[in-house]
Amino acid sequence: MMSKVLLTGNEAVARGAYEAGVKVLSAYPGTPSTEIPENMAKYDEIYAEWAPNEKVAMEVAIGAAVGGVRSMVTMKHVGVNVAADPLFTSSYTGINGGLVIVSADDPGMHSSQDEQDNRYYARFAKIPMIEPADSQECLDFVKEAYEISEKFDTPVFMRMTTRVCHSQSLVEVHDRKEQELKPYVKDASKYVVMPAVARKRHAVVEQRLLELQKFSEETSLNRVEMNSKEVGIIVSGVLYQYVKEALPEASILKLGFSWPLPRKKIEAFAASVKDLYVVEELDPLIEQEVKSWGIAISGKEHFPRCGEVFTEMIRQEIAGDCLQCKEESAAVGRPPVLCPGCPHRGIFYVLSKLKVNVTGDIGCYSLGATPPLNAMDIIICMGASIGLAHGMEKARGKEFSKHTVAVIGDSTFMHSGITGIINAVYNQSNITVVIMDNRITAMTGHQDNPTTGFNAKGEPAPIVDIEGICRACGVKRVQVVDPADIEATMKAVKEELVAEEPSVIITRRPCILLDKKQMKPAFYINKEKCTGCGMCMKSGCPCIGKDENGKAEINDSTCVGCGLCMQLCPFGAIEKGE
Amino acid sequence: MVKNILIVGVGGQGTILASRILSQVALSTGQDVKVSEIHGMSQRGGSVVTQVRFGDKVYSPIIEPGTADMIMAFEKLEALRWLHWLKEDGQIIVNDQKMNPMPVVTGVAKYPDDVLEQIRSKCKNVLIFDALHAARDCGSDKAANVVLLGALSKYMNIDRETWITVITKLVPQKFLQVNLDAFAAGEALTEK
Ligand SMILES: Cc1ncc(C[n+]2csc(CCOP(=O)(O)OP(=O)(O)O)c2C)c(N)n1
C-alpha cells in the first residue's frame, strides 16, 4: 500500500509506530500528545494502554523493550518530569527492543501550566533526540528512531511541539513491518543498576554519546540546503517551515537529529555563510552550544524566550521585512469556561458560597478558579492539591483546615493523588479532600482511566474503586454526593470541614459531554417573577445573561437544562423547558 | 500561490468539522494542503481558530497576520478579534451570532454594540448573515457550520460536486439531508 493522506503529526507518529512494528504502547494523556496513543490503540497489532501516570507508562515501555519488542511511551512535556526517574536510569541500562519516548512540548502554553523546554531532557539523560518538522517527518523519524535506538542500545527522545502535533499535512503511508521478538537475556551487569554496575554503565553512556555525535555528522536527518551565502540559518522542528516561508533565499542547516549536535557540520556551515542565525523557541540551547565553540551566531537577541516564534518575527528580524496588516481590534477576551451542564459547577458554587480556601489541581475543574466562581487559590501540578492542603495545615494549624478543601479529579487522583492521601492519614491531618469524579479524563478529550470500566481499546476493564482506595489508605470518613444537588453537596462539605480527621467527599456525576442523555431542553426565565437579582449568575454558567430590562435571560441554543440555576433562584423564576 | 483561510469561533461551535470538510475539499483539487488547529483547554468555550492553507507548495501550517484570503467567523466578536489577519482585499464571512464571553456575563466587560459596524468599516468585502437561523430552518442548529461553508464555497473556485462528495463522506447518514440543505442555504445567502 502506498498513498498520500492528510494526517496530524500525532496521527503520523501513530502510523509510524505501526509501520515500525511497535508492539507495546503505554501512555498517560496530555495535550498536545493525546492523539498519538488514541490512534495507536486503533491498530490490532499494537498492545496499547492508558497507564495511571507517566512514570508507570515509562516503566511499562522500558519493561516491554527489555522484554524484546519495540515499545513506545508518549506524554506531554510536564509528563516527563513525572517519568524522569525511570527515564534517566534506562539511559544507563540501555534497551533490547527499540524504545522511543515522545515528549510533546507546548510553547505558548495553549493548554499547559508551563512552557518548559524539554530539549534539556535529552542532554540531561544523555540520550539522542530527534525533532520532526511536519507529519511526513513524524512518520519517517519514528521509524528511523527505532533503528537508532537498537543500533546504539539507547532510548530515543522524540521531541514534538503543539504546532507539529496538531497540524495536518500530507503523508505517504506504507505497510507494517513486523519485528522479530528478541531473546530475553538475563544480564545483571547491564540491568541491575547497583552502584558497581551503574559506574560501569555510566562510562558506556559517555562512549555512546561520542558515537552518537559521529552519527549526527553523517545522518541525512541533519541536512544542509545551500542557497544564498549571505544568510545561514540553523533550525529544527516546525520552525524550519517558518524559515522556508519567511526567507526563501537563505541557506539552511536543518537539524532533525538535534542531540548530540553535529559540531563539524555546524562549523562547516558557519564558515560557508556570512551571517549565521539560529532560530529556536524557548531557551537558547543550540545558540549557547555553538557559541561555546567560538562561532559567531545570533539568536535570542532577535527571538523571544517566552512563547512561540512566528514566521512574521523571522521575516522582520532577519529579512527586515514587515507584512502590512490592519491594526488589531480591541475585543473582549474569551477565556475558557466550565461547559453548560458541567457537573463540576455545583461543587464549585458551594465552595465559592462558603468562601473556603481551596487548593486545586489540574483538569477541567481548574476552571473553577475563574470568575465568578473564584474557587481555587493555588494550582501547582497534577496530584498536588492534597499535599498542598496538608502542608498548609502543618503551617497554620488545624483550625485552618476547617476552612480549607483540596479538590482533585478522578483521573488526577489515580495519577498522583493517592500518595497524598496516604501522607495525610499517616501524618494525622484534618484535611478535607473533594474528589470530583466525572467518570472520565475530560480535559484532554475523554480518555478512559482505571476508574471508568474501560481500557484504551474501549474494551470492558476492571473498575478501580475510589472509595475503597481511600478507606484502605485509612480514611474513615468517605461520602459520595451528587454535585447537581446543591443542598446535599453543601451539607457534605460543611460536615467534613469540621471533622477532626482526614475526610474525602466524592462528587459523582458523569461529564455532560460524555453522557449526553443528561441533556434536557433549555430552561427559561419567567420574566414576571424575575427580579433581576443576579443570583442565578453566581454559578458562572455561560448560558445566562441579562436582557435589556436587567432581567435574567437564558441562551436557548446553548443551555442543556441541568437545572442548577433553578436551585439558585430565590423567586422561583426559572422554569423547565419542554 | 497559496490560499489562506481562517476559521474562527467559540469552542464547541463545530469549527473542527467545518475545517475537516474544507481541507478535504482543498485536498481533492490535488494541491498541497496544511491545516493547523489547537486542541485542549480553549475547546471549553474559549476562542478557537483553525487555519487552512493550500497551493502548489505549502511550508508553514500557520497563517501570518494580514495574509488571510478569507475568514469564516462563527461568532461576530471572534470575527473582530481575528480581523487583522485578513488581507487588504480579503473576504470575511460573519455569522451574526452573539455569544457572551464570561467577562461580559460577570459584568466586568461589555460586549461592543457596534461589532458589525466596526467590521464593515475595516474590511472591503464583508458578508454577514444569521447562519444559526438558516440552519434551524433546515432542521438543526448544528448545521450552522455547513451553512457557512455553503457561503464560503461561492468565493472559491471549486466545483459544487466536490463539496457535496466530501460532505456526503464526512457527515453521518442520519444528518446528511439537513447538511445538504444547509449547504444550499449558505450558497443562496451570498446572492442576497
Ligand atoms: C503530569 C501531567 N500529565 C498530564 C497532564 C495533562 N492533563 C491535564 S488535566 C488532565 C486530566 C484531568 O482529568 P481529571 O482529573 O479526571 O479531571 P477532569 O478534566 O475530568 O475534570 C490531564 C491528563 C498534565 N497537566 N500534567
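This is a tour of a predicted model, in stops to select one after another.

**Stop 1: the domains**

Colour chain A by its four assigned ranges: domain 1 covers 3-218, domain 2 covers 222-319, domain 3 covers 344-516 and domain 4 covers 519-575. For a sense of scale, put a distance marker between the centres of domain 2 and domain 3 of chain A; over C-alpha atoms they are 46 Å apart.

**Stop 2: helix α1**

Select residues 9-19 of chain A, which form helix α1. Is this helix enclosed or open? Ten of its eleven residues are buried, so the rest of the structure largely encloses α1. The buried set contains the glycines A:Gly9 and A:Gly16, the alanines A:Ala12, A:Ala14 and A:Ala17, and also A:Asn10, A:Val13, A:Arg15, A:Tyr18 and A:Glu19. Go on to A:Gly21, just after the helix, where phi is positive at about 85 degrees.

**Stop 3: two cis prolines**

Move to A:Pro32, in the loop that runs between β2 (24-27) and α2 (35-40) of chain A. The peptide bond leading into this proline from A:Thr31 is cis, and its omega is near 5 degrees.

Then select A:Trp259 and A:Pro260, which are also joined by a cis peptide bond, with omega about -5 degrees. A:Pro260 sits in the loop between β12 (257-259) and α11 (263-272) of chain A.

**Stop 4: positive phi outside glycine**

Select A:Met109, in the loop between β5 (99-105) and α5 (119-125) of chain A. Phi of A:Met109 is near 50 degrees, a positive value in a residue that is not glycine. A:Met109 counts as partly exposed, at 35% relative accessibility.

A:Asn374 is another non-glycine residue with positive phi, near 45 degrees. Look for A:Asn374 in the loop between β14 (357-359) and α15 (384-396) of chain A. Its relative accessible area is 49%, which makes A:Asn374 partly exposed.

**Stop 5: a pair far apart in sequence**

Select A:Thr89, within helix α4 (residues 77-93) of chain A. A:Thr89 is partly exposed, with 30% relative accessible area. Add A:Tyr191 to the selection: the two residues are 102 places apart along the chain, and their C-alpha atoms are separated by 9.4 Å.

**Stop 6: the nonpolar cores**

Show side chains for A:Met72, A:Ile233, A:Val279 and A:Ile314, the residues with the most contacts inside the largest nonpolar core, which has 59 residues. Which helix gives this core its largest share? Helix α6 (residues 135-152) of chain A does, with eight residues. Domain 1 (3-218) and domain 2 (222-319) of chain A each supply at least three residues to this core.

Centre the view on A:Ile314. Beyond its sequence neighbours up to four places away, A:Ile314 touches A:Tyr242, A:Val243, A:Ala246, A:Leu247, A:Val279, A:Phe303, A:Val309 and A:Ala319. Another core lies apart from this one; it has 49 residues, among them A:Phe348, A:Met436, A:Val481 and A:Ile506.

**Stop 7: a buried glutamate**

Select A:Glu280, in the loop between β13 (275-279) and α12 (285-292) of chain A. Is A:Glu280 buried or exposed? Its relative accessibility is 3%, so A:Glu280 counts as buried.

What do the polar side-chain atoms of A:Glu280 meet? One lies 2.9 Å from the backbone nitrogen of A:Glu287, and the backbone nitrogen of A:Leu285 is 3.3 Å from a polar atom of the same side chain. With neighbours within four places in sequence left aside, the contacts of A:Glu280 are A:Arg119, A:Leu239, A:Leu285, A:Ile286, A:Glu287, A:Lys300 and A:Val309.

**Stop 8: the ligand**

Finish at the ligand and show the 26 residues around it; A:Glu54, A:His344, A:Cys364, A:Thr412 and A:Ala442 come nearest. Three polar approaches can be displayed as distances:

- A:Gln113: a polar side-chain atom lies 3.5 Å from a ligand nitrogen atom.
- A:Ala442: a backbone N or O atom lies 2.9 Å from a ligand oxygen atom.
- A:Met443: a backbone N or O atom lies 2.9 Å from a ligand oxygen atom.

How much of the ligand does the protein bury? The ligand taken alone exposes 590 Å², and the protein buries 97% of that.

Note on methods: Residues numbered from 1 in each chain as written. Chains lettered and ligands numbered in written order. Predicted model: local features only at pLDDT ≥ 70, side-chain atom pairs only at ≥ 80, totals over all residues. Heavy atoms only, no water. Helix = DSSP H or I, 4+ residues; strand = E, 2+ residues; numbered from the N terminus. Buried < 20%, exposed > 50% of the residue type's maximum accessible area, 1.4 Å probe, protein only. Domains from an automatic or database assignment. Core = buried A, V, L, I, M, F, W, Y, C linked by side-chain atoms within 4.5 Å. Contact = heavy atoms within 4.5 Å. Near = heavy atom within 4 Å. Polar contact = N/O pair within 3.5 Å; in protein donor to acceptor, adjacent residues only side chain to side chain. Areas by Shrake-Rupley, 256 points an atom, 1.4 Å probe, with all protein chains shown as cover.
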